[in-house]
Amino acid sequence: MAGGVIVLGEITPSIIAFILGILFGTQLAHKITKRIVTLVIVFSIVGALLFGTFTFTYSIYGGYIMPGLGFDIPLITATIGIIIGKLLRGDK
Amino acid sequence: MEELKGKRGIIAVIALLIISIGILSSLFELAGNVRPGISQIYNALAYLVAPNNIATWVYDWRGFDTLLETAVIYVGAVVSAMAIGRGVVQMKSYKQESLLQSKPLEFRLESLTVILKYLGLPAAILLLSYGIMVVTASSTSGGGGFQCGVIMTAAYLLAAIFYGKDNPIRFGKRFLIGIGAVGLGGYILLGLPGFLATRFWQYNIGADIWGIAPPILHFIFGDPFRLSLVLKEGVFFSSPGIIPLINIAEAFNVIGAIGLIYFAFIYGWQEE
């Protein structure tokens, strides 16, 4: 966090990713088991760790932990959004 | 001209008129305001954020070239479907022609290896997430709407290869057309606030590099994406403005265009 100022640009991508995830999650038409949900969330967390934080992100809510270590939060929120979108659609 | 009749036609003509007037008047207003190079901000800051020159460039301006590029995909999709897929794409004008009889897609789960059987769907879901991530990160890193669209449709194709007609990613015809139309329309309409406020169509009122946008619009379109750039020279605050929104519109556009190509060639197309 630069100078203690909350910059919205670090949060907005995560919110947008979540909304887009819901949109595309409603297009899933396959039964999704708990095992698949666990798998995609774990994989997206690992992926988020590998991708690291976005450029110019310095806050914990942006996924920044310490230099060289951070999470790409939009990847995780997108996955959660897809799962929620699928739940909203139901097993059709 | 039949397409221009009715309410939709009137709306389309009015929209085309507004956009044409906006773009033409913007061109007149540009006289004397264009500097050599990209912009003063680019010249001052670009070398400080050298890790990504493209990102710095798109902070300044993203013109209609990208919109036209994505529109070219639509034209390509239509032409290729009409030329190569004739018979597969059954539209009204071609009703008199007999449909090409192709073998139905088979869904044979036993032909999949264990890995594909259990990881095919999670892989497709993760690809969708990755596509979304790419478009949300595009204002500060590599990637963008085009790349997002390609990744998302790759997920669609991957799932179609794995599961055949029982594709878990059910991008239907209406969804693809809708999302493509929203993308194209959204891209163009994002130029409207800039035009109304500054008389420059698609002026980035969020970034506002000329300092001519009303503060309220600068706040609405700029602050949600504002980032602090911590550099050796100090801390700067910068916003890509409407660029992330344009990227999302472009992603929708590309998903619609490429998705329709896949849809037509994999599942066929029928008006009814």
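**Figure 1. Thr77(A) sits in helix H3 of chain A.** In this predicted model, Thr77(A) has 25 other C-beta atoms within 10 Å of its own, and because 20 or more are enough to count as buried, the residue falls in that class. Leaving aside residues up to four places away in sequence, the residues that Thr77(A) touches are Ser14(A), Ala17(A), Phe18(A) and Gly21(A). Take Ser14(A) as a guide here: 63 residues separate Ser14(A) from Thr77(A) along the chain, yet their C-alpha atoms are 6.0 Å apart.

**Figure 2. Chain A is built from three helices and two strands.** If you trace the chain along its sequence, the elements come in the pattern α-α-β-β-α. The C-alpha trace spans about 50 × 20 × 15 Å along its principal axes. Chain A has 92 residues, of which 43% count as buried. Contacts that link distant parts of the sequence are well represented: of the contacts in chain A between residues at least 6 apart in sequence, 75% join residues at least 24 apart.

**Figure 3. Chain A meets chain B through 33 residues of its own and 30 residues of its partner.** On the side of chain A that touches chain B, the elements that give two or more residues are helix H1 (12-25), helix H2 (34-51) and helix H3 (73-89) of chain A. Which of them provides the largest share? That is H1(A), with seven residues. Sorted by class, this side of chain A holds 22 nonpolar, nine polar and two charged residues.

**Figure 4. H1(A) packs against helix H5 (residues 114-136) of chain B.** The angle between the two helices is about 145°, and their axes lie 9 Å apart. Is the crossing of H1(A) and H5(B) left-handed or right-handed? It is right-handed. From H1(A), the residues that take part are Pro13(A), Ile16(A), Ala17(A), Leu20(A), Gly21(A) and Phe24(A). From H5(B), they meet Leu128(B), Ser129(B), Ile132(B), Met133(B) and Thr136(B). This contact is made up of eight nonpolar and three polar residues, with no charged ones. Two residues here may look familiar from the first view: Ala17(A) and Gly21(A) are also among the residues that Thr77(A) touches.

**Figure 5. Chain B contains 10 helices and four strands.** Starting at the N terminus, its elements follow the order α-α-α-α-β-α-α-α-α-α-β-β-α-β. The chain has 272 residues, and 38% of them count as buried. Considering contacts in chain B between residues at least 6 apart in sequence, 66% join residues at least 24 apart.

**Figure 6. Helix H7 (residues 173-189) of chain B lines up its buried residues on one face.** The helix has 17 residues, and from its first C-alpha to its last it reaches 24 Å, close to the 24 Å expected at 1.5 Å a residue. Which residues of H7(B) are buried? They are Leu176(B), Ile179(B), Gly180(B), Gly183(B), Leu184(B) and Tyr187(B). Seen down the helix axis, these buried residues of H7(B) fall within an arc of 130°, so they line one face. A helix has 3.6 residues a turn, so residues three or four places apart point the same way.

**Figure 7. Helix H1 (residues 6-29) of chain B is hardly covered.** Among its 24 residues, the count of buried ones is one. The end C-alpha atoms of H1(B) are 35 Å apart, which agrees with the 34 Å that 24 residues should span at 1.5 Å a residue.

**Figure 8. Arg199(B) and Ile209(B) both belong to the loop between H8 and H9 of chain B.** This loop runs between helix H8 (192-198) and helix H9 (215-222). Arg199(B) has a phi near 70°, a positive value in a residue other than glycine. For context, most residues other than glycine have a negative phi. Arg199(B) counts as partly exposed, because 15 C-beta neighbours lie inside 10 Å. Ile209(B) is likewise partly exposed, with 17 C-beta neighbours inside 10 Å. Along the chain, Ile209(B) and Thr70(B) are 139 residues apart, and their C-alpha atoms are separated by 26 Å.

Terms used
Residues numbered from 1 in each chain as written. Chains lettered and ligands numbered in written order. Predicted model: local features only at pLDDT ≥ 70, side-chain atom pairs only at ≥ 80, totals over all residues. Contact = placed C-beta atoms within 7 Å. Nonpolar A, V, L, I, M, F, W, Y, C, P; charged D, E, K, R; others polar. Expected span 1.5 Å × (residues − 1). Buried ≥ 20, exposed ≤ 12 C-beta atoms within 10 Å, placed from the backbone. Arc of directions from axis to C-beta. Axes fitted to C-alpha atoms, helices over the stretch in contact; angles between N-to-C directions. Left-handed = near helix turned anticlockwise from the far one by under 90°.
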